[in-house]
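Visitor: I should be grateful for a close look at one part of this model, namely the charged side chains that pair with one another and the nonpolar core.

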Amino acid sequence: MGSKIRSFLADTRAADTIPLKMVFYLSITGAIILLVAFSWNNVSPLYSGAKDSKQINDAAIGLMSIQNGYARSLYELNAPAGSVCNLELYLPDVSYLALGVDPDPDMNGNLSDTQWTQENNTIICQYENGARNRYIIDGELIDFIRGTLDEEGRWVPDRIQPADQIGGIVIEGPVAGTFKFELVLEDKKYTMSRF
């Protein structure tokens with residue numbers, strides 16, 4: 001009986017095949033995980049950019065849709081609200097979204113060192129990595145103007161703007177939330193921000 005136990009303990013013919021197979025399969029699994037992670041890092045910005053483009057194109061359609069609506073007269077105190085557009089935006093990688101203006105024409109990332117340039121019917125999307133996209137809003141001329149609340153709680157155009165800023169609206173990032181725009185009439189029609 002002692003010889004049977006000794007021979008059972010001495011049988012090591014397959015002892016090295018299990019760990020080698022395990023090492024082989026684990027290394028193949030690790031290689032596959034690395035390839036998937038590397039591929040996701042390359043595809044993720046494209047996917048994010050496609051989602052951002054869809055949101056901005058939807059915003060352009062929403063802004064264009066109110067242009068032929070009712071414009072609230074700023075001269076009448078009790079005028080009913082003008083046509084309103086609510087935009088739901090979630091753009092976490094965007095440093096700013098500019099409507100109707102280019103706040104950084106020299107593209108150095110500083111919005112206050114150069115005079116802004118008027119860009120009617122455009123939405124400029126500047127990403128944190130420096131990439132920049134320009135979207136054109138088809139249709140009639142859209143003049144964007146920043147709005148503010150007056151003493152009575154009414155939305156009116158913000159007339160106190162820095163000297164280097166002409167018209168237009170800039171939403172600094174990360175851009176997330178609901179942004180409301182209203183069509184108003186003063187000497188001409190404006191699309192005014194209400195946020």
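**Salt bridges and the nonpolar core**

Guide: In this predicted model, Arg194 and Glu182 form a salt bridge whose closest N and O atoms are 3.1 Å apart. This pair links distant parts of the chain, with Arg194 in the segment after strand S11 (189-193) and Glu182 in strand S10, 12 residues apart. Glu182 also forms a salt bridge with Arg72, and here the closest N and O atoms are 2.7 Å apart. That second pair again joins distant parts of the chain, since Arg72 belongs to strand S1 (residues 72-73) and Glu182 to strand S10, 110 residues apart. Glu182 is buried, because its relative accessible area is 1%, and Arg72 is likewise buried, with a value of 9%.

The structure holds 11 salt bridges. Another of them brings together the side chains of Asp102 and Arg134, at 3.7 Å from N to O. Asp102 lies in strand S3 and Arg134 in strand S5 (residues 132-136), so this pair ties together parts that are 32 residues apart in sequence. Asp102 is buried at 4% relative accessible area, whereas Arg134 is partly exposed at 45%. Asp102 and Arg134 also belong to a network of salt bridges that includes Glu119 and Arg132.

Strands S3 and S10 lead on to the nonpolar core, for both are among the elements that give two or more residues to the largest one. This core has 24 residues, and those with the most contacts inside it are Leu63, Leu97, Leu99, Ile123 and Val175. Leaving aside neighbours within four places in sequence, Leu97 is in contact with ten residues' worth of surroundings that include Ile56, Leu89, Ile123, Ile169, Ile171 and Val175. Strand S9 contributes to the core as well, and its side chains alternate: Ile169 and Ile171 point to one face and are buried, while Val170 and Glu172 point to the other and are not. S3 and S9 run antiparallel and are joined by 4 bridges, with Tyr96 standing opposite Glu172.

Helix H2 (17-65) is another of the elements that supply this core, and helix H2 also holds a charged residue, Asp52. Asp52 is buried, with a relative accessible area of 3%. Beyond its neighbours within four places in sequence, Asp52 is in contact with Tyr90, Leu91, Val94 and Tyr127.

Technical notes
Residues are numbered from 1 along each chain as its sequence is written. This is a predicted model: local features need pLDDT of at least 70, side-chain atom pairs count only at pLDDT 80 or more; totals for chains, interfaces and linings use all residues. Side-chain values use heavy atoms; hydrogens and water are left out. A nonpolar core is a set of buried Ala, Val, Leu, Ile, Met, Phe, Trp, Tyr and Cys residues joined through side-chain atoms within 4.5 Å. Buried means under 20% relative accessible area, exposed over 50%, partly exposed in between (1.4 Å probe, protein chains only). Contact means heavy atoms within 4.5 Å. Two strands pair if DSSP finds at least two bridges between them. A salt bridge is a side-chain nitrogen of Lys or Arg within 4 Å of a carboxyl oxygen of Asp or Glu.
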